[in-house]
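Reader: Hi! I'm new to this one and would love a quick tour. Could you walk me through it?

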Amino acid sequence: MARVAGIGIQDFSRIIENNCFYADKTAFIREWWENQDTVTLITRPRRFGKTLAVNMLECFFSVRYAGRKDLFEHLAIWNQEAYRSLQGTYPVISLSFANVKAESFQAARESIFQELSDLYNQHAFLAESSRLTGREKELFWKVKEEMSDMTAARSLMRLSAFLYKYYGKRAIILLDEYDTPMQEAYVNGYWQKLAEFMRKFMNSTFKTNPYLERGLMTGITRISRESVFSDLNNLVVVTTTTKLYETAFGFTEQEVRCALEEFGLQNEMDGVKRWYDGFRFGDMENIYNPWSILNFLKFREYQPYWANTSSNRLIGSLIQKSSPDVKMAMEGLLNGTLFRTCMDEQIVYDQLEQDEHAVWSLLLASGYLKAAGFLQRPDGRPEYVLDIVNLEVLQMFEEMFAQWFAACSSDYNGFIQSLFCNDTDGMNLYMNRLSCAAVSSFDSGKKPSGQAQPERFYHGLVLGMMLALNGRYVLTSNRESGRGRYDVMLEPKNRADDGIIFEFKVSDTAKEKRLSDTADAAIRQILDKNYAQVLEKTCRKNQIRIYGFAFSGKDVLIRGGYLSEFQKNSSQAE
């Protein structure tokens with residue numbers, strides 16, 4: 001009989017006690033313990049079992065679970081006799097910042113202080129013990145919601161000291177979702193204030209703490225050492241490309257096959273692989289998204305379960321505001337083209353809007369992209385080969401890009417319909433409405449780009465068009481054809497449809513007096529560079545249309561029509 005596929009259960013003991021489906025990850029306990037690293041930071045995408053792994057460690061090591069062999073006796077770790085004697089023998093401090101999501105520094109500070117105060121209340125027995133001195137008891141009760149920053153920063157170090165006096169053993173400290181407050185701080189504009197507090201907190205807890213046995217932190221991102229961990233030289237960082245703990249998070253292909261067989265779904269393996277496979281940790285390929293697998297086992301439908309568990313607000317905003325180069329790379333990834341880039345897996349949040357490499361680092365760490373390959377360049381810099389993970393993530397991107405134009409969807413749809421009908425007047429009407437409504441949202445970062453605004457906008461438009469037109473056209477951009485690179489090409493999938501080329505130009509007042517001159521220059525470039533050469537292989541000349549887009553701020557002028565007419569007029573002029 002199949003076990004129950006419990007959704008969202010992060011309590012290890014509850015899973016075991018209620019016979020819920022569980023892929024045995026207890027080998028992680030042994031691997032982590034035997035590596036003997038004082039402090040370990042493990043980054044994995046959301047919903048990949050980080051919180052459950054932290055709770056599993058607590059259940060295994062904590063004195064609160066002493067004698068609970070029933071939780072582990074049927075799992076792999078219990079086959080190791082040495083580890084049976086370790087179970088339930090250490091004081092464990094377990095804390096999560098998952099709920100520290102605030103719009104202001106003051107609110108974030110209050111939320112963190114509340115978590116620390118609740119943690120102390122759970123250990124109130126220490127203050128009632130005769131093993132603590134009167135002064136130590138005073139310090140204990142100073143940890144409350146109204147405490148000072150210094151008291152909060154030292155709180156975990158002091159709690160581990162109190163536990164040492166009580167149990168005679170150094171404490172294991174587990175901090176889950178350490179980076180959630182930092183991401184919220186970046187999005188809401190109080191990064192520097194929170195980073196200053198977090199540096200002090202991390203240093204006191206994990207660096208200068210003589211009562212620390214082992215420390216483990218989990219999160220999605222590896223925040224740069226300079227931002228938060230400047231004093232932690234004892235920190236081992238495990239990212240998605242590191243060859244440690246490769247199978248501890250996410251499901252392996254064998255685990256998925258066994259799960260499908262248990263639930264009578266063994267014939268669905270190909271579909272499950274297409275939708276939910278594709279993650280890679282270290283050298284281990286074919287890692288599956290556990291959240292989506294559990295949902296599939298329960299509901300037996302293919303849906304973007306994992307992609308729908310988050311607003312993706314930060315990712316969407318960064319891509320929307322990013323440079324044309326980033327948008328063009330995204331266009332290629334959506335079309336199945338791998339993308340090579342040099343980057344550092346450390347994420348410097350202050351640079352996210354200025355450094356496109358930081359954007360790729362965040363996309364990789366968050367699980368939207370995978371490292372399909374890794375190279376060491378001659379100059380020593382690491383080069384990553386990036387790819388979209390799977391169909392679920394692809395759909396998430398498509399929905400995200402469509403939402404960019406949701407506020408002006410009628411104008412967007414009007415532009416697309418006018419394009420289908422070769423209605424240049426309609427294209428101009430709707431494109432100018434779109435431009436007025438959307439250009440600023442594609443360039444609202446900390447350093448607006450001036451002349452680059454239209455380029456950011458039209459590449460955002462192209463990403464949106466990929467969703468609207470993917471059933472009818474193959475859309476490519478910045479590819480070679482003829483004697484140059486066109487901006488956008490729409491190659492029809494149906495021979496009855498027209499092929500289309502777009503060329504975008506920003507008005508240069510030193511060369512062109514009117515916007516119409518810029519649009520005409522874009523048309524001439526298409527003709528002179530013979531951009532239609534690729535389309536002429538599959539379309540008749542009377543089925544190829546060309547359009548020149550001229551931008552001046554938020555003003556747009558489009559000129560265009562059938563290639564054959566422009567070629568005819570050009571010949572007559574000569």
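**Helix pairs and loops**

Author: Happy to! This is a predicted model. A good starting place is the pair α5 (residues 105–122) and α11 (residues 191–207), whose axes come within 10 Å and cross at roughly 25°.

Reader: How do α5 and α11 run, roughly parallel or roughly antiparallel?

Author: Angles under 35 degrees count as roughly parallel, so with a crossing of roughly 25° α5 is roughly parallel to α11. The crossing of these two helices is right-handed.

Reader: Which residues make the contact of α5 and α11?

Author: From α5 there are Phe105, Ile112, Phe113 and Leu116, and from α11 there are Lys193, Leu194, Phe197 and Phe201. Sorted by class, the contact of α5 with α11 has seven nonpolar residues, one charged and no polar.

Reader: Nice. Where do the axes of α16 and α17 come within 10 Å, and at what angle do they cross?

Author: Helix α16 covers residues 324–334 and helix α17 covers residues 356–366; their axes come within 10 Å and the angle is roughly 35°. The crossing of α16 and α17 is right-handed. On the α16 side the contact uses Asp325, Val326, Ala329, Met330 and Leu333, while α17 brings Glu356, Trp360 and Leu363.

Reader: And how does the contact of α16 with α17 divide by class?

Author: There are six nonpolar residues and two charged ones, with no polar residues in the contact of α16 with α17.

Reader: Let me step back. How many helices and strands does the chain have?

Author: The chain has 23 helices and 19 strands. Its C-alpha atoms fill a box of roughly 100 × 55 × 50 Å along the principal axes. The chain has 574 residues, and 54% of them count as buried.

Reader: What share of the contacts with a separation of 6 or more comes from residues 24 or more positions apart?

Author: That share is 70%. For one pair of residues far apart along the chain, look at Asp423 and Gly561: they are 138 residues apart, and their C-alpha atoms are separated by 8.8 Å.

Reader: Where does Asp423 lie?

Author: Asp423 is in the loop between α19 (409–420) and α20 (424–438). With a relative accessibility of 33%, Asp423 counts as partly exposed.

Reader: Switching topic: what about α22, how many residues does that helix have?

Author: Helix α22 has 14 residues, 515–528, and reaches 20 Å from its first C-alpha to its last, close to the 20 Å expected at 1.5 Å a residue.

Reader: Which residues of α22 are buried?

Author: They are Ser516, Thr518, Ala519, Ala521, Ala522, Ile523 and Ile526. It helps to recall that an α-helix has 3.6 residues a turn, so residues three or four places apart point the same way.

Reader: What follows α22?

Author: Asn530 follows α22, and its phi is positive, near 55°. Asn19 also has a positive phi, near 55°, in a residue other than glycine.

Reader: Where is Asn19, and is it buried or partly exposed?

Author: Asn19 sits in the loop between α1 (12–17) and α2 (27–35). Its relative accessible area is 48%, so Asn19 is partly exposed.

Reader: One last thing: what is the phi of Gln36?

Author: Gln36 is a residue other than glycine with a positive phi, near 55°. The place of Gln36 is in the loop between α2 and β1 (39–43). The cut-off for exposed is over 50% relative accessible area, so Gln36, at 58%, counts as exposed.

Methods:
Residues are numbered from 1 along each chain as its sequence is written. This is a predicted model: local features need pLDDT of at least 70, side-chain atom pairs count only at pLDDT 80 or more; totals for chains, interfaces and linings use all residues. Side-chain values use heavy atoms; hydrogens and water are left out. Helices (H or I, at least four residues) and strands (E, at least two) are DSSP runs, numbered from the N terminus. The expected span of a helix is 1.5 Å times one less than its number of residues. Buried means under 20% relative accessible area, exposed over 50%, partly exposed in between (1.4 Å probe, protein chains only). Axes are lines fitted to C-alpha atoms, for helices over the stretch in contact, and angles run from 0 to 180 degrees between N-to-C directions. Angles under 35 degrees count as roughly parallel, over 145 as roughly antiparallel, 65 to 115 as roughly perpendicular and the rest as oblique. A crossing is left-handed if the near helix is turned anticlockwise from the far one by less than a right angle, and right-handed if clockwise. Contact means heavy atoms within 4.5 Å. Ala, Val, Leu, Ile, Met, Phe, Trp, Tyr, Cys and Pro count as nonpolar, Asp, Glu, Lys and Arg as charged, and the others, Gly among them, as polar.
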